Amino acid sequence: MATHRPLLAPSPPLLSPKDPPDPQGPKLPDPIPSPLSQSYSRRTGSSRSRSSDKTAPDPLGELRSGSILDRPGSRHVGRAPTKRSGSERAGSQRELADEEARFVYINDPARTNQPVRFPDNSIRTAKYSVLSFLPRNLFEQFHRVAYVYFLILAGLNQVPQLGVFSPVASVLPLAFVLGVTAVKDAYEDWRRHRSDRAENARIAHVFSDGEFAPKPWREVQVGELVRVAANETLPCDMVVLSTSDPTGVAYVQTINLDGESNLKTRYARQETQAVAPHAMAGTIRCERPNRNIYGFHANLDLGGKKVSLGPSNIILRGCELKNTAWALGVAVYTGKDTKVMLNSSGAPSKRSRLEAHMNRETILLAVALAALCTIVSALAGAWLHTHRDELDDMPFYRKRDFSGREPDNYEWYGIGWEIAFTFMSAVIQFQVLIPIALYISMELVRVGQAYFMIQDKDMFDESTNSRLQCRALNINEDLGQIKYVFSDKTGTLTENKMEFRCASVQGVDYSSGGGGGGSDEYGGAAYNGPSEIVNDKILRPKMTVATDPELRNLLRAGTGYKARRACDFFLALATCNTIVPIEVDTSDPSVKLIDYQGESPDEQALVYAAAAYGFVLIERTSGHIIIDIFGERQRFDVLGLHEFDSDRKRMSVIIGCPDKTVKLFVKGADSSMFGVINRSISSDVIHATKTHLHNYSSLGLRTLVVGVRELNQKDFEEWQLAYERASTALVGRGGLLKAVAASIETNLEILGASGIEDRLQQGVPEAIESLRQAGIKVWVLTGDKQETAISIGYSCRLLTGEMTQIVINSYSRESCRKSLEEAIAMCSKLRTISPSAPNDRVALALIIDGNSLVYILETDLEEELFKVATMCDVVLCCRVAPLQKAGIVALIKNRTDDMTLAIGDGANDVSMIQMADVGIGISGQEGRQAVMASDFAMGQFRFLVPLLLVHGHWNYQRMAYMILYNFYRNAVFVFVLFWYVLYTAFTLTTAITEWSSVLYSVIYTAVPTIVVGILDKDLSRRTLLKYPQLYGSGQREEKYNLKLFILIMMDTVWQSLAIYFIPFLAYRHSEIDGSSLGDLWILAVVILVNIHLALDVIRWNWITHASIWGSIVATVICVMVIDSLVILPGFWAIYHVLGTGSFWLCLLAIIVVGMIPHFAAKAVTEHFMPSDIQIARELEKFHNSDGANRSEIPLRTLMQQQQP
């Protein structure tokens, strides 16, 4: 590389798609020496005169006619720039109509907000106000049909003829449930209000009366000039007008917007860069507010001259200004119109499968309720008909009133109406058969379960200092029933932290440096890599990269064709990117580290690799790049930049080199690059490079091809003219820029290729193996090449050598159909080899690419794909688009009852995360889009094992038991009331006081079931992790099914018979009053259902003891208090029987007789028909496993003891 040569006279420093030059814009301080500035002015002046000539030939004519075709390519590098470029192209395809546009008058907010005032800049994330809270909260709560049911019953009870309970007692249960939920919602909304007030009170600096004055964020208006200093957060969406950088560059961090911590570049237009704030004037005509954070379509009118604006000219609210002293902009969107607020929606609402199945049992209970009411009303009608002649003078049931002069009826409407009234009164009397308290109990249990999941140290990610996030509390139990896991690869199975491993340069493979690893920082005293001394301070790259000695020696030799091309290869890696070098302090004041910040981890890895080989990127502006090449600084002028886009699948930069040459460096995906490489030049190098690329992909490396083209004066000027026209176009700007890039990126000479390793996350192979042993099928959906995906599949043990691979790579519908038919035949044949020995059968893996899925999804071939996929143990989808990922998830979700889980880390995974029953976001390098759309978020893929196999199993087991127990305890109580009605002339009177009936579900029996639902564990953590097969209990729905429900209802009938008839037979000839008998019945019910619960508890702790036995004590106290109130019926009733021996003998007999079936069933099943869980529990007892007899209360101690 030549070093001591005059610099090339550069063309305009801001020739970038982000910030095209303007022929008549104000001239800025030139960053190059003055003699060269004159040459620069002369040449660009001629170019500009040509661009203004209307008769000049248009070099884009062929492009507009469609001579350049889009080529299919492989996975691209730099996903974030693709989003912006794509949206910019889409946004510039049409001219904004007046009715679709917003007009913003710069520095004139009064005119901007007339005649329609735009929203102020205050935000509101709270749901309620003081006035709207009650009606809106009640409206939302009554979306639950059960609440409407209980509201209707409470209303019926207010009718005098149907008044079973007093008006207050009938409304109290529903009011309690609604009140608890309302308090919870009010507290959450109060926190939102507090956050909103703090956000709206932040200070912004707004230009007013000739100076920048502080102003609360909430008062910023559209059209005002806002000045933002370094490290400050932007208060609104604003178009950048000028920055502290002479070239108009501003660096922003969008971590608050999308979670990406890498710096991104934004630009001020040259027409406004040098204008003072008081002289700022003009009109911005922009699109109306929308949710697209990667797109912006507008133009700026400066005194009749229109300038196009794009996504690179706007900074959104929530971004932070970095490495820029200040930036000045005009507010275009404020408050609720800002893009971040338009995108501030939570995760989609999902419903757990248990709750959905609960509707089936609720309907059965409703049928049973109707049957009981029908029986009572029918028998009441028969009784009334039988005694119709005695009703006038029968005690306690007189239909005639003879107290007046004329006989009258006591609200008697005939037998028909009496039957109807009896039916509706019976509904009110037996309403607790459908438990209202179950819903609030489920909510409280889920909150408790979520707390222990969040506090689990086994799911704490030390690298990001983050815990598990539970963003959807209503599907905790679904984690215990997952059958399919759909996973992204990059950033989910891998770290998305790229490491440069090898390179192919001029057909030679240099990979001997790939085996060594480096430390995170160059800071030690033993460092001998590239560095630079500036002002007595040493600058070193932050990250190390292992290098190949042979390639390093070739570069240092610097002579010969291969050495020059090798230098060009690493020069391309150092220049063809959007990386920003940042100095970072170290513990040694004399040493500073260069941290390369960029939007893509791939680009960061390539620039660190170039630095390791001696090409250290020191400084980057929009106009030039400074690179330290083997200890000597050299300046390269950036003459043009075409960012990566998903159509071209490549990126290019035009560089003015110190030796007066102009070079075009291009890097991109292999399938895209080989179509623009001149095959007549170095055909042997091309062939060797393809071989190396195949080898790299087979090793699981991400590949990239690099090419170069030297431009002569004519080529460059034609490109410059075409670029200026495209960049200043107001209609179709994006398409024209893409065409300009495609026209210059031709006839390239290949330099080489790179191999970057995206390392597997810790514990991924072990996690996948555990999931497979648990009966969970793991499918990987990735955008990577097939070879790379297969290699990663072997590395993470998704694929094994014993598997038979079925590969489908088709490019037509008929070809796909034929491949699927052959695959089905092969699967059927292999399945019939050993159908009776599932453990010895042949394992199958389906590998299919995105091209094939184009012809399969949403067609009649979907069913064929479903058959093949479900017969395979593993499915690996390569080159898939985001919507195809969602389509694969829907393929299983819509055709089976199996639970699906999708896990990913990037915006391209959002669609499949939302499609799956359970969505999990990885908070990694790809931003927070996946996290914000997920139900749960965590830091590592391996955390999926404890989340599913441990917490998922516990949550399912607890919630399933709690639901069945709630049905059981209420049914016992209702059947006791039913038996009593049969012996009281079907009059629906009850011996149990109405307050005890109301408090039964709320206080007497509610707390124990909630505590057990949160704390009980059927198996210890260690056992569940040691035997993943135990997870199958949830998949088979062993803990909650129709059979169990029917058995439990049969048990309730038996226990209610014991509770009612034992005291009935004992006291039938006594003089005991009904209230005393009712107190005995309510105490018997509470004691029996709590002992039933105690018999099923596996893990005891002091909280469980206190809740179960404390509930019994609380019931006794409440009954005594109720009977001590003179105003209530049954005054002093409990005290009449409490001291008698018959009372205690009846309680003992009820407990013994009532528990016989349940105890016998448990004994028989556990000793003669044990389940896997019961067997594992016995193993814990006999092997004295750590934590086997512990609860989850001392969680931290438990974790420490269980983990080695």
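Here are some short exercises with worked solutions on the predicted model shown above.

**Exercise 1. Get an overview of the chain: how many helices and strands does it have, and what share of its residues counts as buried?**

Start with the secondary structure. The protein chain has 40 helices and 37 strands. Next, check the cover: of its 1204 residues, 56% count as buried. Then look at what is left outside. The chain exposes about 48,900 Å², with carbon and sulfur atoms supplying 57% of that. Finish with the contacts between residues with a separation of 6 or more: 75% of them are made by residues 24 or more positions apart.

**Exercise 2. Take helix α16 and work out what its span is and how many of its residues are buried.**

First find the helix: α16 covers residues 601–612, which makes twelve residues. Now go from end to end. From first C-alpha to last, α16 reaches 17 Å, close to the 16 Å expected at 1.5 Å a residue. On to the cover: twelve of its twelve residues are buried. The buried set takes in charged residues by name, including Asp 602 and Glu 603, and also Leu 606, Val 607 and Tyr 608, among others. Last, step past the end of the helix. There you meet Gly 614, whose phi is positive, near 105°.

**Exercise 3. Two residues have a positive phi without being glycine, Lys 660 and Arg 879; find where each sits and decide whether it is buried, partly exposed or exposed.**

Begin with Lys 660. Its phi is about 70°, and its place is the loop between β27 (650–656) and β28 (662–668). The relative accessibility of Lys 660 is 52%, and exposed means over 50%, so Lys 660 counts as exposed.

Now do Arg 879. Phi here is about 55°, and the residue lies in the loop between β34 (874–878) and α26 (882–893). With 26% relative accessibility, Arg 879 counts as partly exposed.

**Exercise 4. Find the cis peptide bond that joins Gln 114 to its partner, and say where that partner is.**

Check omega: it is about 0° for the bond joining Gln 114 and Pro 115, and that bond is cis. Then place the proline. Pro 115 is found in the loop between α4 (109–112) and α5 (133–141).

**Exercise 5. Describe the surroundings of Asn 200: which element is it in, and what does its side chain reach?**

Locate it first: Asn 200 is in helix α7, residues 167–200. Its relative accessible area is 9%, so Asn 200 is buried. Next, follow the side chain, which reaches the backbone nitrogen of Ile 123 at 2.9 Å. Finally, list the neighbours. Leaving out residues up to four places away in sequence, Asn 200 touches Asn 121, Ser 122 and Ile 123, plus Pro 216, Trp 217 and Arg 218.

**Exercise 6. Count the disulfides, then explain why Cys 872 is or is not in one.**

The count comes to zero disulfides. Take Cys 872: the nearest cysteine sulfur belongs to Cys 827 and is 4.3 Å away. A disulfide needs the two sulfur atoms within 2.5 Å, so Cys 872 is in no disulfide. Now look at its cover. The relative accessible area of Cys 872 is 1%, so this cysteine is buried. For one more cysteine, try Cys 470: Cys 470 is buried too, with a relative accessible area of 17%.

Technical notes: Residues are numbered from 1 along each chain as its sequence is written. This is a predicted model: local features need pLDDT of at least 70, side-chain atom pairs count only at pLDDT 80 or more; totals for chains, interfaces and linings use all residues. Side-chain values use heavy atoms; hydrogens and water are left out. Helices (H or I, at least four residues) and strands (E, at least two) are DSSP runs, numbered from the N terminus. Buried means under 20% relative accessible area, exposed over 50%, partly exposed in between (1.4 Å probe, protein chains only). Contact means heavy atoms within 4.5 Å. Accessible areas come from the Shrake-Rupley method with a 1.4 Å probe; for residues, only the protein chains shown count as cover. The expected span of a helix is 1.5 Å times one less than its number of residues. A polar contact is a pair of N or O atoms within 3.5 Å; within protein, one must be able to donate a hydrogen and the other to accept it, and residues adjacent in sequence count only if both atoms are side-chain atoms.
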